[in-house]
Amino acid sequence: MLRSSQKLRMSAAEAMPQLKCRYTEKFDKVKLQKIVENVSELPYLEVDPTIKEAFDVAYGNIYAFHLAQKSAEKSVENMKGVKCKRVARSIGSVGLYVPGGTAVLPSTALMLSVPARIAGCKTVVLATPPGQDGSICKEVLYCAKKAGVTHILKAGGAHAISAMAWGTESCPKVEKIFGPGNQYVTAAKMILQNSEAMISIDMPAGPSEVLVIADKHASPVHIAADLLSQPKVQFASICTLHKNPACIGPDVLSDKICYSRAEHGPDSQVVLVTAGDGVDLKAIEEEISKQCQSLPRGDFASKALSHSFTVFAHDVVEAISSNLYAPEHLIMNVKDAEKWESFVENAGSVFLGQWTPESVGDYASGTNHVLPTYGYARMYGGVSLDSFLKYMTVQSLTEEGLKNLCPYVATMAEVEGLDAHNEP
């Protein structure tokens, strides 16, 4: 993959044929005449009215939630005549990666392009794998046009990340890359952010994961549905790995955890933590098997379940020691779930109560579903409006302010031996 990235770092004239003729054909299994499309030149494709309404509702909720994240500019007069403030500016050019290898994800197009639009990013490149006929998924295109995407790069995988990072003849170079993906996409993002490409990334967002904390009041049907919203592997009965949830952690369980997500892909992972006695594991296993067989992508879900396990905790307090695990999605399916919110320190997104399934956050509640995985929720948050902004500090002094502050600046400069700073 690193070699692929280096190969794409050629002159614009050389890079595009490489991307178009080699990598797209090899990995996306399609020959393309044109790999980058200007969205404004593309016609709207006909979308089923019911589907259109669903995405319109999701767009509205996502827009409202992210718009509310705008903060008012504040100016502070720290001492008489000394004013300081912090101002926000949009990142000029951003790349949005929308996976499409095993599932079409127009919802991710919304999650990334809506906050980019609110932030005011001028160039928005959306990369997504094309169909076998070279077309763009019509739902992805609908979301892209609605949210103001400027370019669509018809490519997926590490080579798409490289094209956006370095820029090509027809693909604008971006300054920050967003979006989830498989291990190759995640690795490409992390390598390129430390390269001469001079890009930033949102976070390491790899294969998906969910941790469900359930007590005796939780419905086996609901538990199974949440567990199956994320896995991929052949179903085997849930195995008991640890009785002490304090053992949960990417470092401790790295040999057991493949960090995936049931229906999303075979390398997804789910964890069930039972809080207290009375949880009917047999009923949950039966319900998982039943629901898995009815899923169109049941083979993926069953595979992810093979990476998964159950942990027994004495109570909810002990169960929340899963903070160390720092899941991408944390579902609190327990009685009076809201009262436990303050105990949660590490999670990408939290779902409280029996009527808050993980799927609402994935699609239409308004929160963003591009979240840190593999324990990175201990130091990263999910995509937000701030992800598309940069902040500058501004200071302004009057003559009186400079006279007031100057003696202290001079003293500090003298201590540090920086004489030039002693001449304001």
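Buried means under 20% relative accessible area, exposed means over 50% and partly exposed lies in between, with a 1.4 Å probe and protein chains only. The model is predicted, so that local features need pLDDT of at least 70 and side-chain atom pairs count only at pLDDT 80 or more, whereas totals for chains, interfaces and linings use all residues. Residues are numbered from 1 along each chain as its sequence is written, and side-chain values use heavy atoms, with hydrogens and water left out.

**Exercise 1.** Classify the aromatic pair formed by Tyr376 and Tyr380, and state whether each residue is buried, partly exposed or exposed.

Solution. Rings of Phe, Tyr and Trp (its six-membered ring) pair if their centres lie within 6.5 Å, and planes under 30 degrees apart count as stacked, over 60 as edge-to-face and the rest as tilted. By this rule the count comes to five aromatic pairs. One of them joins Tyr376 and Tyr380, whose centres are 5.8 Å apart with 75 degrees between the planes, and this pair is edge-to-face. Tyr376 has 26% relative accessibility and therefore counts as partly exposed; Tyr380, at 33%, therefore counts as partly exposed.

**Exercise 2.** Identify the charged residues that sit over the rings of Tyr391 and Tyr59.

Solution. A charge sits over a ring if NZ of Lys or CZ of Arg is within 6 Å of the ring centre and within 35 degrees of the ring normal. Over the ring of Tyr391 is the charged end of Arg86, 3.8 Å from the centre. Over the face of Tyr59 lies Lys146, at 4.8 Å from the ring centre.

**Exercise 3.** Describe the burial and the pairing of strand 9.

Solution. Helices (H or I, at least four residues) and strands (E, at least two) are DSSP runs, numbered from the N terminus. Strand 9 covers residues 209-214, and six of its six residues are buried. Glu209, Leu211 and Ile213 point one way from the strand, while Val210, Val212 and Ala214 point the other way. Two strands pair if DSSP finds at least two bridges between them. Strand 9 pairs in the parallel sense with strand 11 (residues 269-275) over six bridges, and in strand 11 Gln269 stands opposite Glu209. Strand 9 also runs parallel to strand 13 (residues 329-333), to which five bridges join it, and Val212 has Ile331 of strand 13 as its bridge partner.

**Exercise 4.** Give the strand order of the open sheet of three strands and name its edge strands.

Solution. The order is 2-3-15, with antiparallel pairing. Strand 2 (75-79) and strand 15 (389-397) are the edge strands, each pairing on one side only. Strand 3 (residues 82-90) is joined to strand 15 by nine bridges, and Val82 stands opposite Leu397 in strand 15.

**Exercise 5.** Work out how helix 4 and helix 5 pack, and where Ser113 is placed.

Solution. Axes are lines fitted to C-alpha atoms, for helices over the stretch in contact, and angles run from 0 to 180 degrees between N-to-C directions. Helix 4 (residues 106-119) and helix 5 (residues 138-146) pack at about 10 degrees, with axes 9 Å apart. Angles under 35 degrees count as roughly parallel, over 145 as roughly antiparallel, 65 to 115 as roughly perpendicular and the rest as oblique, which makes helix 4 roughly parallel to helix 5. Contact means heavy atoms within 4.5 Å, and the residues making it include Ser113 of helix 4 and Cys143 of helix 5. Ser113 counts as buried because its relative accessibility is 1%. Not counting residues up to four places away in sequence, Ser113 touches Leu96, Cys143, Ala147 and Val149.
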